[in-house]
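The following note is offered to a colleague who wishes to examine helix packing and surface character. The points are numbered for ease of reply.

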Amino acid sequence: MWIAFAANLGIAVSKFVAAAITGSSAMLTEGVHSVVDSTNQVLLLWGRKASRRPPDAQHPFGYGREIYFWSFVVAVLVFALGAGVSVYEGIIHIRDPEPAVSPIIAYGVLLVAFVLEGGSTWEAFKEFREAKGKTGWIKAIQQSKDPTGFIVLLENGAAMFGIIAAAIGLGVSQWTGDPRYDGAASVVIGAILGITAFFLAYESKALLIGEAADPELVAAIHALVMNKEAVVTIGEVLTVHGAPDQITAMLAVDFDDNISAREVERLVCQIEDEIQAKFPEVTHLYIRPFSEADRSSS
């Protein structure tokens, strides 16, 4: 990710230089977009590092949700800085148009940026495709518990569409002699970033609030516990992600009334050991016996 950060920073500088030379509004907004992308990558790296801090007295469940918080911040930055600045700059350029100078420089910068972004996007695409398996793309993003994967993919995709929009706007502006098309391209780039930011914020918010573990994992835990001879039934299996690889699970289990308290303790320890061995992502497991309220509601 540091390589992508350095590449984005270099692209941003080249876009700003090209914008200063050509006066292109779309090029300026593309420069802002690259700066936002670079900042976001730093925030995601920080969030990933902070989420791995061990639990302490104030945070007994650890700091796993740091990655979800910083992912939400990234979505806000994409909307406020990326989309906001792009739309504002586009409207200003439409109201007070300035013809672009030396557009060939802008085309060269956009071409280099497209190639570099394309390589980064392809790598992110391959990683996410491998991680999602046979699940559909939209569903995989919605079910993903690791926001860094889909954020990088969506941001890079938005960056490539933005570069195409900037090139088309600059080209139409040069062809028609009307610089307002360049400003319109900035508005289009802002719209692309706005839609991306909304989707990122929606998914990050869901993770930050707390999402349940994969239904297949929940079903597997249920089956593992039900296979124990002394287990009569299971009232509920509640799970929540504290981080992509940290799950807290809570089970209400009805044990056979004929076994002793010592046998219940031994069985609980056995269940905990087996779940920890089979599902290492379940970092916290709580098992409580059925209550009368559970029996009446079941």
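**Notes on a nonpolar patch and two helix pairs**

1. Helix H1 (2-22) and helix H4 (103-132) each contribute at least two residues to a nonpolar patch. The model under review is a predicted one. H1 provides the largest share of this patch, three residues.

2. The patch lies on the surface, covers about 440 Å² and consists of Val13, Val17, Ile21, Ile104 and Ile105. Of these residues, Ile21 is placed in helix H1.

3. Helix H2 (residues 25-51) and helix H6 (residues 147-176) have axes that come within 10 Å and cross at roughly 170 degrees. Because angles over 145 degrees count as roughly antiparallel, H2 is described as roughly antiparallel to H6.

4. Which residues of H2 meet H6? On the H2 side they are Ala26, Glu30, His33, Asp37, Asn40, Leu44 and Arg48. Their counterparts in H6 are Thr148, Ile151, Val152, Glu155, Ala158, Ala159, Gly162, Ile163 and Ala166. By class, the residues of this contact of H2 with H6 comprise eight nonpolar, four polar and four charged.

5. H6 also pairs with helix H7 (residues 180-209): the axes of H6 and H7 come within 7 Å, crossing at roughly 170 degrees. H6 and H7 are therefore roughly antiparallel to each other. The contact of H6 with H7 contains 19 nonpolar, six polar and three charged residues.

Terms used
Residues are numbered from 1 along each chain as its sequence is written. This is a predicted model: local features need pLDDT of at least 70, side-chain atom pairs count only at pLDDT 80 or more; totals for chains, interfaces and linings use all residues. Side-chain values use heavy atoms; hydrogens and water are left out. Axes are lines fitted to C-alpha atoms, for helices over the stretch in contact, and angles run from 0 to 180 degrees between N-to-C directions. Helices (H or I, at least four residues) and strands (E, at least two) are DSSP runs, numbered from the N terminus. Angles under 35 degrees count as roughly parallel, over 145 as roughly antiparallel, 65 to 115 as roughly perpendicular and the rest as oblique. Contact means heavy atoms within 4.5 Å. Ala, Val, Leu, Ile, Met, Phe, Trp, Tyr, Cys and Pro count as nonpolar, Asp, Glu, Lys and Arg as charged, and the others, Gly among them, as polar. Patches are made of residues with over 30% relative accessible area and no salt bridge: like charges are joined within 9 Å, nonpolar side chains (Val, Leu, Ile, Met, Phe, Trp, Tyr) within 5 Å. Accessible areas come from the Shrake-Rupley method with a 1.4 Å probe; for residues, only the protein chains shown count as cover. A salt bridge is a side-chain nitrogen of Lys or Arg within 4 Å of a carboxyl oxygen of Asp or Glu.
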